[in-house]
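User: I would like to go through the reasoning behind a few labels used for this model. Please set each value against its cut-off.

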There are 2 protein chains.
Amino acid sequence: MSYGEVRERANRMASEADPATVSSAAGVEIGLNAAIVAVTDNEPVVLVIRSETDKAGATDGLPFGTFSPLQHRTFEGGLRAWVHRQTGLELGYAEQLYTFGDRGRHAQPGDVGPHVVSIGYLALTQTRPTVDLQQGSWRSWYHYFPWEDWRRGRPEILETTIEPKLREWVAAQRGSTSQPISRQERVRICFALEGAAWDEEKVLDRYELLYEAGLVDEAVRDGREAARQWTDRPRLGVPMHFDHRRILATAIGRVRAKIKYRPVIFELMPDDFTLFELQRTVEAILGPHLHKQNFRRLVEGAGLVEPTGEVKMRTGGRPAKLYRFRREVLLERPAPGVRVKPGKV
Amino acid sequence: MSYGEVRERANRMASEADPATVSSAAGVEIGLNAAIVAVTDNEPVVLVIRSETDKAGATDGLPFGTFSPLQHRTFEGGLRAWVHRQTGLELGYAEQLYTFGDRGRHAQPGDVGPHVVSIGYLALTQTRPTVDLQQGSWRSWYHYFPWEDWRRGRPEILETTIEPKLREWVAAQRGSTSQPISRQERVRICFALEGAAWDEEKVLDRYELLYEAGLVDEAVRDGREAARQWTDRPRLGVPMHFDHRRILATAIGRVRAKIKYRPVIFELMPDDFTLFELQRTVEAILGPHLHKQNFRRLVEGAGLVEPTGEVKMRTGGRPAKLYRFRREVLLERPAPGVRVKPGKV
DNA sequence: CCCCATTATACTCAAACTGAGCATAGCGAA
DNA sequence: TTCGCTATGCTCAGTTTGAGTATAATGGGG
């Protein structure tokens, strides 16, 4: 009995219990989606491709394509090929994020065709001006998630728009104590209400909450009940194709988490940089300002960087030493990362 | 232009560039696989299903099944249904691990049929003796990964078998400096040679390294070149069906990482427990011994638990206070977990 | 019934780490 | 040359951490 037969047998076994499962393999398509992230001029940007639609004019989406097992041995190979074909970009660092598969999150209701399973990838790159994109353009990720931009303090959209709407949504839940956790608590935790602390990593949770509350355009597009109930629904960030904003939310959350325990921040940096440039890049990703002196102590102390010996002039003040990433840390420490905690400026 | 059409257009666009991609959607099947983990008597166990094969007698595998988008709206729903059908178990906590899709890792070479994409899930549960399994049984995960069991110090198999073999494999790499990182360095980092520290989270890296070196049975099964070159290949742990050992490795790594920053450990505990029982469970997962007094200070200080008021007698000494998980921490802190670091006993 | 081995729990202390601020260095423009 | 500005160095108190010592409360054996 070959391994293939064992699988078959197990399928059959289950099919007997539930005959409808037999047709399970029909019409599944694997979509590969890339959130390609860079930081330019202290702005975290993502590579988007704009497609015309005859309704709204144009919608942004991530580079994506279908996975062909005949063409590519691995997902990552397929992804790199797609991205290169669509944008001309050769990906460096890439990691898998999550596989999304719920029906109804990918296209308009009534849309027929195969069920699409989206595998989201995160890629990090520098924005070298030398590479010119064949298609697509870099846009700030805060464009799609304005409420995530805490670089100039708590974003206004929270106070003016999101919080009031969410309070309405919370109030609409009456007595349904069947929920494992109340809307109120979920909103409080996700959006840091009533003294709760803002967790910059909960990007996906926040987006999903807004989706569930029917407050993002994609919820309308997907024909969600909750979305229909708003008479004056605001536009919260720029929507995207399919479930691409969800994938981007996952990507942002992942980068924000990951730079703390893996030196991935250097994927976004040029070879040589000053410590303050490094700090600005971290802040572009994470949001809050960091204490400059302590940041420098931390980064140097962790052995993440080494001075090149050069300095950068015209900083507006004293010249700054240039540093480079010390790749050897990867061989020395199990989990080197920029262990940053917010502090006073 | 509907969203579906936008997708179509993008596919067409790419197809023009590369005609072979047109057939990409053909023959892809989604497999859902669950690594269901519990801890019984300080032993981390995983639920496995043994299937007969006419060659080797029997092989273990994880509960799995095909995802049917017609049957289930979400992967998790499908997974729960499969697991329940195959084992009688109702899953509690479950999270997606990773989606594996490389050809050649799933069945024997020459095996035809649809390309299988495996979505791995991690589920955590208590082993309640009340539930009797319809199929499958609990087996220690160290059965499949003996080199991961550091509870009684450095496992012998490393010194006696794995290290010598890996050194041979390292030596076989001659002058191919094209590798981004040498075999030697990879082995050193993964297996803590030459003074490097053992990172208990690198379970997958270690398994993949052994696979690549042709040292695990699955590499032989998959017809890997590297596997053929060993004349006296040892058996390293018990092999599994398909890529299930890889999924289990991912699961172990994930649990080990996650208990440090999320209170998932309590998914494995009964409602009431003593702090030492909690510590033993953490140690079953992580390996090294923890400093008892500091562990207690940590767990209590983080507000993860509260005393029930009861005590447990017959501990062999002074009675131990019983505690329960304080679910409210989830609402109080952004990332509560058992921030353990190894220490003296 | 008391002693003692055993486990649980409380408390102490030094070293390391962190958050925050002050101080000094070195460039460029006025 | 002075002043404004950014870079970089250094200090210090409060907190956390690793590790040990001390005390409490059972149960079993004499």
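**Labels and their grounds**

Analyst: B:Lys312 has B:Ala320 in β10(B) as its bridge partner. The model is predicted.

User: How do you know that β9(B) and β10(B) pair?

Analyst: Pairing needs at least two bridges between the strands. β9(B) and β10 (residues 320-325) have 5 bridges, in the antiparallel sense. So they count as paired.

User: What makes β8 and β9 of chain B edge strands?

Analyst: The open sheet runs β8-β10-β9 in chain B, with antiparallel pairing. β8 (273-274) and β9 (305-312) each pair on one side only.

User: Why is α9(B) called roughly perpendicular to α10(B)?

Analyst: Helix α9 (residues 275-286) and helix α10 (residues 292-301) of chain B pack at about 100°, with axes 10 Å apart. The range for roughly perpendicular is 65 to 115 degrees. The angle falls in that range, so the label applies.

User: Which residues meet there, and how do they divide into nonpolar, polar and charged?

Analyst: From α9(B) come B:Leu275, B:Leu278 and B:Gln279; from α10(B) come B:Lys292, B:Phe295, B:Arg296 and B:Val299. The contact of α9(B) with α10(B) has 4 nonpolar, 1 polar and 2 charged residues.

User: Why is A:Val238 called partly exposed?

Analyst: A:Val238 has 15 other C-beta atoms within 10 Å. Buried needs 20 or more, and exposed means 12 or fewer. The count lies in between, so A:Val238 is partly exposed.

User: Where does A:Val238 lie, and what does it touch?

Analyst: A:Val238 lies in the loop between α7 (225-228) and α8 (244-258) of chain A. Leaving out residues up to four places away in sequence, A:Val238 touches A:Asp60, A:His143 and A:Tyr144.

Definitions and conventions. Residues are numbered from 1 along each chain as its sequence is written. Chains are lettered from A and ligands numbered from 1 in the order in which they are written. This is a predicted model: local features need pLDDT of at least 70, side-chain atom pairs count only at pLDDT 80 or more; totals for chains, interfaces and linings use all residues. Helices (H or I, at least four residues) and strands (E, at least two) are DSSP runs, numbered from the N terminus. Two residues are in contact if their C-beta atoms, placed from the backbone, lie within 7 Å. Axes are lines fitted to C-alpha atoms, for helices over the stretch in contact, and angles run from 0 to 180 degrees between N-to-C directions. Ala, Val, Leu, Ile, Met, Phe, Trp, Tyr, Cys and Pro count as nonpolar, Asp, Glu, Lys and Arg as charged, and the others, Gly among them, as polar.
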